[in-house]
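Here's a quick walk through this protein, starting with the overall fold and then zooming in on a handful of residues. Have the 3D view open while you read.

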Amino acid sequence: MRRVLYPGSFDPITNGHLDVINRAARLFNEVVVGVAINEDKQPLFTTVERVDLLKEVTKDIKNVKVVSFSGLLIDAVDNLKAFAVIRGLRAVSDFEFEFQMALMNRELSEECETIFMMPSTKYSFVSSRLIKEIANNNGDVTSFVPKLVDDALKNKLK
Ligand code: PNS
């Protein structure tokens, strides 16, 4: 059973995240998308909202589950019995931090392997942070997020 954990803030989920989820779902038996609860961050969407949006936009992908987790990623990997962590790499600029995080996680837990997956190049510039900034200034983000997320952003920022 090849179960992987795809962790992130997903505030909110973008088409880039969805692209990685679809790619991972084709490769592994089960993809658990883990919404990180981070007390230090002030997300736009609550944990429940982020989980619900993810559940809705992944509902047609049979082997995807969505959960939230708090605490260390390595503990979530252990609790969920995942064999690896999936992280998306959009550009070389992502690599430095992701590499550091992957090695730190493996230092903390020897079994914690990280697999990097590249989303389609058409999403290489898409990030949740930019989506929020554009939406917050009444810009059009319809090409970068699922319709449901666009609606949720409009609703949240009105
Ligand atoms: O979508 P993001 O914000 O890039 O995701 C970052 C995330 C949630 C994967 C990272 O912050 C994380 O793993 N948080 C859990 C706490 C933890 O384990 N921190 C140590 C990482 S070496």
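## The overall picture

The protein is built from 6 helices and 5 strands. Keep in mind that this is a predicted model. If you trace the chain along the sequence, the elements come in the order β-α-β-α-β-α-β-α-β-α-α. The radius of gyration is 15 Å, close to the 15 Å that the globule rule gives for 158 residues, so the protein is as compact as a globular protein of that length. Along its principal axes, the C-alpha trace spans about 45 × 30 × 30 Å.

Of the 158 residues, 46% count as buried. Take the contacts between residues at least 6 apart in sequence: 76% of them join residues at least 24 apart. On the outside, the protein exposes about 9,300 Å², with carbon and sulfur atoms supplying 51% of that area. As for charge, there are 21 positive and 22 negative ones, and their mean positions sit 6 Å apart.

## The loop after strand 1

Now head for the loop between strand 1 and helix 1, where you'll find Phe-10, Pro-12 and Thr-14. Most residues other than glycine have a negative phi, and most peptide bonds are trans. Phe-10 goes the other way on phi, with a positive value near 50 degrees. A cis peptide bond joins Asp-11 and Pro-12, with omega at about 0 degrees.

What does Thr-14 touch beyond residues up to four places away in sequence? The list is Val-126, Ser-127, Ser-128, Ile-131, Phe-144, Val-145 and Pro-146. Thr-14 and Lys-147 are 133 residues apart in sequence, yet their C-alphas are 10 Å apart in space. The side chain of Thr-14 also reaches the backbone nitrogen of Gly-16, at 3.2 Å.

## Arg-3 and Lys-81

Arg-3 is part of strand 1, which covers residues 3–8. The side chain of Arg-3 reaches the backbone oxygen of Leu-80 at 2.8 Å. Leaving aside neighbours within four places in sequence, Arg-3 is in contact with Glu-30, Val-32, Leu-80, Lys-81, Ala-82, Phe-83 and Ala-84.

One of those partners, Lys-81, lies in the loop between helix 3 (73–79) and strand 4 (84–88). Lys-81 isn't a glycine, but it has a positive phi of about 55 degrees.

## Val-66 and Asp-94

Val-66 sits in strand 3, residues 64–70. Not counting residues up to four places away in sequence, Val-66 touches Val-33, Val-35, Val-51, Leu-54, Lys-55 and Thr-58. Val-66 and Asp-52 are 14 residues apart in sequence and 8.5 Å apart in space, C-alpha to C-alpha.

Asp-94 belongs to helix 4, residues 92–108. Outside its neighbours within four places in sequence, Asp-94 is in contact with Gly-88 and Leu-89.

## Buried or exposed?

Here's how these residues come out on accessibility.

| Residue | Relative accessible area | Status |
|---|---|---|
| Thr-14 | 2% | buried |
| Phe-10 | 3% | buried |
| Val-66 | 11% | buried |
| Asp-94 | 15% | buried |
| Lys-81 | 64% | exposed |

The cut-off for buried is under 20% relative accessible area, and for exposed it is over 50%. Asp-94, at 15%, therefore counts as buried, while Lys-81, at 64%, counts as exposed.

Definitions and conventions: Residues are numbered from 1 along each chain as its sequence is written. This is a predicted model: local features need pLDDT of at least 70, side-chain atom pairs count only at pLDDT 80 or more; totals for chains, interfaces and linings use all residues. Side-chain values use heavy atoms; hydrogens and water are left out. Helices (H or I, at least four residues) and strands (E, at least two) are DSSP runs, numbered from the N terminus. The radius of gyration is taken over C-alpha atoms; the globule rule is 2.2 Å times the number of residues to the power 0.38. Buried means under 20% relative accessible area, exposed over 50%, partly exposed in between (1.4 Å probe, protein chains only). Contact means heavy atoms within 4.5 Å. Accessible areas come from the Shrake-Rupley method with a 1.4 Å probe; for residues, only the protein chains shown count as cover. Lys and Arg count as positive and Asp and Glu as negative; His and the chain ends are not counted. The place of a charge is taken as NZ of Lys, CZ of Arg, CG of Asp or CD of Glu. A polar contact is a pair of N or O atoms within 3.5 Å; within protein, one must be able to donate a hydrogen and the other to accept it, and residues adjacent in sequence count only if both atoms are side-chain atoms.
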